[in-house]
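Please look over the structure below before reading on. The text then goes from the whole chain to single places in it.

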Amino acid sequence: MTELTPRQIVAELDKYIVGQAEAKKSVAVALRNRWRAARLEESMKEDIVPKNILMIGSTGVGKTEIARRLARLVDAPFVKVEATKFTEVGYVGRDVDSIVRDLAHEAVRSVHKRRLEEVEERAAELAEERIIDALVPESRNEETAATPLARMMDAFAGGADSGEKPEPERKLSAGRAFVKKRLAKGELEEELIEIKLEKQEMPQMMGMFAGPNLDGIGDDLQDMLGKLVPKKKKNKKVTVAQARKIFRQEEAEKLIDMDNVIETAIKQAEQSGIVFIDEIDKVAAKGGASGADVSREGVQRDILPIVEGSTVSTKYGPVKTDHVLFIAAGAFHVSKPSDLIPELQGRFPIRVELNSLKKEDFVRILTEPKNALVKQYVALLATEGVAVEFADSAVHRLARMAEDVNANTENIGARRLHTLLEKLLEELSFEAPDLEDKTVVIDGDYVETRLKDITVDSDLSRFIL
């Protein structure tokens, strides 16, 4: 768990997200409280649950990015879900328990990836030995069957000797030593060798399990049948470079204890998991709703037990959600947080309102973050040998246009900059490979020329911007 102070967490978030100091402070405190709780006595630790956060603000102001960057910062299991994709039990749609199943899957994937990196060096050594075995076959008894039953059948058929002979001791012969040196120099990368690949025959019967409230059953059954169906091996010719990649993956998997991976992952999901529920305002409806809104309150009731703390069965085992941090977000243009059912409101005690973006914010978004949009487009066009330079006047003009278009049409926050920049650089991106002059300066006049007609005509801008 991270030992960053709240101030340091905010400083890290500032590298990618402009403004929204209040929201950053809230998530930083929530994260630090986890670190504090982990250092308490067990009797007290169990009673301290995360204080879930409700973010209120229009689209494109940074709600999702704050949660995503926070999870990356502490390398915590993280899932983002849309509240509108879930339906009340009894209706066709996703079951809310799938949120926890997705979190467990993400945790296992993350821990598995880290373990693969830890054994990468040893797996590479073992893969090298298997490649040498393929290039310099040793005199040894080959297995004639993959299973005892197959060996028995071969023995009855007279195709194999039922007696077992001791495997000769492996020695690094002069030929193997020579091949090893050539492999180290990269001289045999395109050499073809024959290897055995596992081919698993899987029955195609998953489609019959599609239906309401059976979310995840198909995957669980697929895994179960995968363990029961015997694996066949087939010979295939590949290059040494391809074989090395295949062998590394196979050897790395053999070196990993999956039971320990799952145990560690479930613990991380329970203690460090972060769930971001977007569009929570879309399931907020006042009493007496009917028609398409009939299941909205039901979705809230189904989400409530997970947020309160419950145990959900997953294919990796039961997962408790008592200490999972939930961050909900919504624009709340039509509805209000008070339209949520009271029990759910009480489970999101920290509420923070994100500010709408102004011209000054757009200027900073275009230039300051590590992944700033201007930097992205400059790097993209540089791959064509085109050196693009954005003058300050261009950045300020784009920021002003984004503010004006958001005010006159729908306010989509920073996402408006993507639309403006794409339209601004459309012609340049098309002509880039054929340009003779590879240096392009984009200033305020260039922006005005390319976008003036669109931004002035409000009817046209609704369709294009």
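What follows starts with the chain as a whole, then turns to one helix, two loop residues and a histidine.

The model shown is predicted. Its chain has 465 residues, and 40% of them count as buried. The secondary structure comes to 20 helices and eleven strands. Take the contacts between residues at least 6 apart in sequence: 79% of these join residues at least 24 apart. The surface that the chain exposes is about 26,700 Å², and carbon and sulfur atoms supply 50% of that area.

Helix H12 covers residues 296–308, which is 13 residues. From the first C-alpha to the last it reaches 18 Å, close to the 18 Å expected at 1.5 Å a residue. Which residues of H12 are buried? They are Gly298, Val299, Gln300, Asp302, Ile303, Leu304, Ile306 and Val307. The cover over these buried residues includes two helices, H5 (98–118) and H13 (342–346), and two strands, E5 (274–278) and E8 (325–330). After H12 comes Gly309, with a positive phi near 125°.

Positive phi values also turn up at residues of another kind. Most residues other than glycine have a negative phi. Glu279 is not a glycine, yet its phi is positive, about 60°. Glu279 is placed in the loop between E5 and H12, and E5 is among the elements that cover the buried residues of H12. Is Glu279 buried or partly exposed? Its relative accessible area is 24%, and buried means under 20%, so Glu279 counts as partly exposed.

Asp75 is a further case: it is not a glycine either, and it has a positive phi of about 55°. Where does Asp75 lie? It is in the loop between helix H4 (63–74) and strand E2 (78–82). With a relative accessible area of 44%, Asp75 is partly exposed, because exposed means over 50% and buried means under 20%.

The last stop is His418, found in helix H17, which runs over residues 415–424. The relative accessible area of His418 is 40%, a value between the limits of 20% and 50%, and therefore His418 is partly exposed. Which residues does His418 contact, leaving aside its neighbours within four places in sequence? They are Leu373 and Tyr377. Another position to compare with His418 is Ala402, 16 residues apart from it in sequence. In space, the C-alpha atoms of His418 and Ala402 are 9.7 Å apart.

Notes:
Residues are numbered from 1 along each chain as its sequence is written. This is a predicted model: local features need pLDDT of at least 70, side-chain atom pairs count only at pLDDT 80 or more; totals for chains, interfaces and linings use all residues. Side-chain values use heavy atoms; hydrogens and water are left out. Helices (H or I, at least four residues) and strands (E, at least two) are DSSP runs, numbered from the N terminus. Buried means under 20% relative accessible area, exposed over 50%, partly exposed in between (1.4 Å probe, protein chains only). Contact means heavy atoms within 4.5 Å. Accessible areas come from the Shrake-Rupley method with a 1.4 Å probe; for residues, only the protein chains shown count as cover. The expected span of a helix is 1.5 Å times one less than its number of residues.
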